[in-house]
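Here is a short tour of a protein model, written for someone who would rather be at the bench. Please have a look at the structure below, and then we will walk through it together.

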Amino acid sequence: MYSRYLSGEKKKDDETVDSLGPLEKGQVKNEALRELRVELSKKHKARELDGFGLYLYGVVLRKLDLVKEAIDVFVEAAHVLPLHWGAWLELCNLITDKEMLKFLSLPDTWMKEFFLAHIYTELQLIEEALQKYQSLIDAGFSKSTYIISQIAVAYHNIRDIDKALSIFNELRKQDPYRIENMDTFSNLLYVRSMKPELSYLAHNLCEIDKYRVETCCVIGNYYSLRSQHEKAALYFQRALKLNPRYLGAWTLMGHEYMEMKNTSAAIQAYRHAIEVNKRDYRAWYGLGQTYEILKMPFYCLYYYRRAHQLRPNDSRMLVALGECYEKLNQLVEAKKCYWRAYAVGDVEKMALVKLAKLHEQLNESEQAAQCYIKYIQDIYSCGEIVEHLEVSTAFRYLAQYYFKCKLWDEASACAQKCCAFNDTREEGKALLRQILQLRNQGETSSTEIASPFFLPASLSANSTPTRRVSPLNLSSVTP
């Protein structure tokens with residue numbers, strides 16, 4: 001029966017390759033599924049199926065989109081044959097949230113702990129996942145390379161790149177011939193632009209086994225980092241020939257098509273990724289970006305929302321959502337998104353600038369000034385080399401704001417900062433001349449405007465204690 005199922009899948013894949021566009025592709029079906037379902041259903045009622053038979057029955061039901069029935073059958077398969085990891089993994093792909101997990105009556109076996117740790121990682125419940133893995137290590141699995149790699153994947157999911165990289169490097173020392181999860185390791189090397197390390201990894205895996213999906217993905221990432229996007233896409237396609245249900249390759253191929261400006265192919269690749277796993281936030285986010293390029297903001301909004309639901313504390317999703325709302329002229333929603341992105345820890349340090357510009361648009365000068373001040377404090381507190389284009393914008397706005405408020409000291413401090421940037425140098429000099437003129441005419445600093453804003457102590461000599469007003473109390477609001 002399993003052979004018949006695989007034969008049907010192969011025919012379906014061959015027909016899919018021959019079909020013309022994405023519309024026909026959706027219509028290609030595995031013809032063997034319905035017959036298999038009827039036969040397996042009879043055997044199931046007669047209680048003639050063993051663990052592997054139940055697993056196949058579950059796969060057939062899942063392929064026919066009978067999700068609820070499939071979940072029940074996979075749970076049954078786990079009871080009958082608890083050590084068959086395939087059934088647990090299939091079950092993992094069908095569970096969409098923690099609530100569903102509560103209602104499953106899983107067998108009380110040590111495999112259940114591995115399953116729970118895996119599903120927690122997938123559902124982005126990283127703390128719970130790490131606790132589970134730690135308890136498994138304490139229970140005697142301390143040398144398990146699988147657990148070590150899963151912990152690295154968990155840190156990769158919460159974007160703790162340094163920690164994930166150090167665990168993967170340790171894992172490579174322990175087991176230099178391990179290929180599983182090396183595609184995730186290559187993603188981390190790619191993000192950090194570590195070209196020599198990625199090149200070494202690609203060559204090393206090629207020597208071990210070049211016909212593995214992970215190897216193809218690593219080579220694809222290497223070519224992508226070298227901006228050879230056609231070659232990269234070719235290797236991701238090769239990975240998918242080896243395993244059409246390999247999630248990472250679909251998503252990465254979508255990214256490559258985006259780089260090549262082939263939006264229709266990118267959309268198709270991302271949709272395939274979602275078909276394989278609805279929890280892949282990168283595919284939802286990728287679809288949002290693709291429709292953004294196509295200037296279809298309503299579509300964008302839907303896909304970014306889905307990505308945000310899967311990663312509620314990822315600032316990139318929130319900033320993308322905010323930009324979408326801005327394009328649709330829903331400025332209140334946009335403000336909420338930017339503020340929330342700042343509240344959850346803005347990775348790209350752009351949320352405050354975008355929020356400030358929105359306040360500027362709405363003539364809310366006080367809030368805009370406060371956002372720019374917070375932004376400057378953030379940038380300087382990071383100790384980054386200030387190459388942010390927006391820093392000059394922030395200083396320019398603050399200089400003009402203080403000038404309007406007749407706070408000459410603060411205005412001249414900001415204007416001097418403007419002189420350090422090429423694009424605002426002339427404006428800064430002009431403003432300093434104006435301030436000097438007004439001071440010579442004997443205009444004193446205005447005390448009428450009680451301004452709550454001052455530059456950070458490190459940037460200004462003025463260290464007057466000031467009241468700080470929160471721009472919008474939206475930290476509790478989720479868009």
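Let us begin with an aromatic residue: Phe114 is buried, because its relative accessible area is 8%, and buried here means under 20% relative accessible area, exposed over 50%, and partly exposed in between (1.4 Å probe, protein chains only). Before going further, please note that this is a predicted model, in which local features need pLDDT of at least 70 and side-chain atom pairs count only at pLDDT 80 or more, while totals for chains, interfaces and linings use all residues. Residues are numbered from 1 along each chain as its sequence is written, and side-chain values use heavy atoms, with hydrogens and water left out.

**Confidence**

The pLDDT is the predictor's confidence in each residue, from 0 to 100. The protein averages 84, and 88% of the residues score at least 70. Confidence is highest in helix α14 (residues 213-225), with a mean of 95, and lowest in helix α2 (residues 22-27), with a mean of 49. Residues 19-24 have pLDDT below 50, and beyond near neighbours in sequence this stretch has 3 contacts in the model, a contact being heavy atoms within 4.5 Å. The pLDDT is also below 50 over residues 445-479, a stretch with 68 contacts beyond near neighbours in sequence. The helices named here are DSSP runs (H or I, at least four residues), numbered from the N terminus, and strands would be E runs of at least two.

**Aromatic pairs**

How many aromatic pairs does the structure hold? There are 20. Rings of Phe, Tyr and Trp (its six-membered ring) pair if their centres lie within 6.5 Å; planes under 30 degrees apart count as stacked, over 60 as edge-to-face and the rest as tilted.

One of these pairs is Tyr2 with Tyr5: the ring centres are 6.0 Å apart and the planes are at 25 degrees, so the pair is stacked. Both residues lie in helix α1 (residues 2-18), 3 residues apart, about one turn of the helix. An α-helix has 3.6 residues a turn, so residues three or four places apart point the same way. Tyr2 is partly exposed because its relative accessibility is 43%, whereas Tyr5 is buried at 7%.

Phe114 also has a ring partner, Tyr146: the centres are 6.0 Å apart and the planes at 40 degrees, so this pair is tilted. The pair links distant parts of the chain, with Phe114 in helix α8 (residues 110-122) and Tyr146 in helix α10 (residues 145-157), 32 residues apart. Tyr146 is partly exposed, with a relative accessible area of 23%. Ring pairs join Phe114 and Tyr146 with Trp85, Trp110 and Phe141 into a cluster.

**Helix α5 and its surroundings**

Does the span of helix α5 (residues 67-80) agree or disagree with its 14 residues? It agrees, because at 1.5 Å a residue the helix should span 20 Å, and its end C-alpha atoms are 20 Å apart; the expected span is 1.5 Å times one less than the number of residues. The buried residues of α5 are Ala70, Ile71, Val73, Phe74, Val75, Ala77 and Ala78. They pack against α4 (51-63), α6 (85-94) and α7 (98-102).

In helix α7 you will find Glu99, which is partly exposed at 42% relative accessibility. The side chain of Glu99 makes a polar contact with that of Lys102, at 3.1 Å. A polar contact is a pair of N or O atoms within 3.5 Å; within protein, one must be able to donate a hydrogen and the other to accept it, and residues adjacent in sequence count only if both atoms are side-chain atoms.

**Cysteines**

The structure holds 0 disulfides, a disulfide being a pair of cysteine sulfur atoms within 2.5 Å. Why is Cys324 not bonded to Cys300? The closest cysteine sulfur to that of Cys324 is in Cys300, 4.2 Å away, which is too far for a bond. Cys324 is buried, at 2% relative accessibility, and Cys92 is buried at 1%.

**Two loop residues and a helix residue**

Gln124 and Asn363 are residues other than glycine with positive phi values.

| Residue | Phi | Loop |
|---|---|---|
| Gln124 | near 65 degrees | between α8 and α9 (126-141) |
| Asn363 | near 55 degrees | between α22 (351-361) and α23 (365-382) |

Gln124 is partly exposed at 23% relative accessibility, whereas Asn363 is exposed at 69%. Asn204, in helix α13 (residues 195-208), is buried at 15%. Leaving aside neighbours within four places in sequence, Asn204 is in contact with Arg172 and Pro176.
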